[in-house]
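Trainee: Please go through this model with me, and give the cut-off behind each term as we reach it.

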Amino acid sequence: MGLKIRQHKNLRSHAVLLVLVLVWSILLGGGMAGVLRAAETPQSPNSETLVAIGTVDPIPERYQTGLKLYLENCGSCHVALPPEVMPTQTWETLLLEPEQHYGQRLEQIPRPFIFIVWNYLRTFSRPLGEDEKTPFRVTESRYFKALHPRVDLPPTLTAAGCISCHPGARDYNYRRLTPEWDDSP
């Protein structure tokens with residue numbers, strides 16, 4: 001009789017353990033799926049606070065770290081361009097080949113920071129057209145040209161050129177314009 005009671009207790013404890021492991025696995029799996037889904041799916045403006053800065057698109061909070069790292073790594077040497085003005089492929093090349101950065105050899109952004117910067121740049125840039133060559137100068141970018149329809153762009157644009165029309169460019173504010181461009185589209 002003692003053996004049957006012990007077997008029954010063992011069976012019951014195994015069943016309880018199995019149920020606990022099953023519940024834990026479901027909760028863990030559901031949580032991981034939610035994290036992965038959130039990382040892959042851009043959130044709608046209603047689901048997250050958007051931070052309005054002076055770039056083309058408002059930046060949701062989830063991309064603020066990427067923006068900050070981008071500004072620290074890229075905007076510390078030159079005026080940081082909004083990702084929207086260059087195609088995704090340009091940004092990818094600039095991040096992955098720092099030894100070919102406009103005649104300069106840069107240090108690679110350390111991991112995992114490069115992935116965070118890449119996520120920001122990839123999200124806010126646009127893809128190349130089918131037969132389009134990857135531009136490495138803003139004056140060659142169709143996105144840049146689309147944002148500057150009335151501007152007669154020189155072949156080579158410098159930071160001084162940007163600042164002459166966008167006095168807030170050093171502060172990553174491209175929406176603030178000089179008076180002669182205030183009414184521009």
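Mentor: Start with the elements: helices (H or I, at least four residues) and strands (E, at least two) are DSSP runs, numbered from the N terminus. The model is a predicted one, in which local features need pLDDT of at least 70 and side-chain atom pairs count only at pLDDT 80 or more, while totals for chains, interfaces and linings use all residues. Residues are numbered from 1 along each chain as its sequence is written, and side-chain values use heavy atoms, with hydrogens and water left out.

Trainee: Where is Asp-57 found in those terms?

Mentor: Asp-57 is in the loop between β1 (50–51) and β2. Contact means heavy atoms within 4.5 Å. By that test Asp-57 is in contact with Glu-84, Phe-124 and Arg-126, leaving aside its neighbours within four places in sequence. Its C-alpha atom is also separated by 8.8 Å from that of Pro-82, 25 residues apart along the chain.

Trainee: How many helices and strands are there in the chain?

Mentor: The chain has six helices and two strands, and along the sequence they follow the pattern α-β-β-α-α-α-α-α.

Trainee: What is the mean pLDDT of the chain?

Mentor: pLDDT is the predictor's confidence in each residue, from 0 to 100. The chain has a mean of 79, and 74% of its residues reach 70 or more. Over residues 35–46 the pLDDT stays under 50, and the model has eight contacts for them beyond four places in sequence.

Trainee: What is the span of helix α4 set against?

Mentor: The expected span of a helix is 1.5 Å times one less than its number of residues. Helix α4 (residues 113–124) has 12 residues, for which 16 Å is expected, and it reaches 17 Å from its first C-alpha to its last, which is close.

Trainee: Which residues in α4 are buried?

Mentor: Buried means under 20% relative accessible area, exposed over 50%, and partly exposed in between (1.4 Å probe, protein chains only). In α4, those that count as buried are Ile-114, Val-117, Trp-118, Tyr-120, Leu-121 and Phe-124. Seen down the axis of α4, they fall within an arc of 160 degrees, so they line one face of the helix. The arc is that of the directions from the helix axis to the C-beta atoms. The covering of these residues includes β2 (59–60), α2 (64–73) and α3 (88–96).

Trainee: How do you know where the buried residues of α2 lie around the axis?

Mentor: The residues in question are Gly-66, Leu-67, Leu-69 and Tyr-70. Their arc around the axis is only 165 degrees, and therefore they are on the same side of α2. They pack against β2, α3 and α4.

Trainee: And in α3, which residues are buried?

Mentor: Thr-88, Thr-90, Trp-91, Leu-94 and Leu-95. They cover an arc of only 160 degrees, which puts them on the same side of α3. Their packing partners are α2 and α4.

Trainee: How many residues has the largest nonpolar core?

Mentor: A nonpolar core is a set of buried Ala, Val, Leu, Ile, Met, Phe, Trp, Tyr and Cys residues joined through side-chain atoms within 4.5 Å. The largest one has 26 residues, and Tyr-70, Leu-81, Trp-91, Leu-95, Tyr-120, Leu-121 and Tyr-172 have the most contacts inside it. At least two residues come from each of α2, α3 and α4, and α4 supplies the largest share, six residues. Beyond four places in sequence, Tyr-120 touches Ile-59, Tyr-63, Gly-66, Leu-67, Tyr-70, Pro-83 and Tyr-172.

Trainee: What makes Tyr-172 count as buried or exposed?

Mentor: Its relative accessibility is 5%, so Tyr-172 counts as buried. It is found in the segment after α6 (159–165). Its phi is near 65 degrees, a positive value in a residue other than glycine.

Trainee: How many disulfides does the structure hold?

Mentor: Zero. A disulfide is a pair of cysteine sulfur atoms within 2.5 Å. For Cys-74, the nearest cysteine sulfur is that of Cys-77, 8.4 Å away, and Cys-74 is in no disulfide.

Trainee: Why does the sulfur of Cys-165 form no bond with the closest cysteine sulfur?

Mentor: Because that sulfur, in Cys-162, is 8.5 Å from it, too far for a bond. At 18% relative accessibility, Cys-165 counts as buried.
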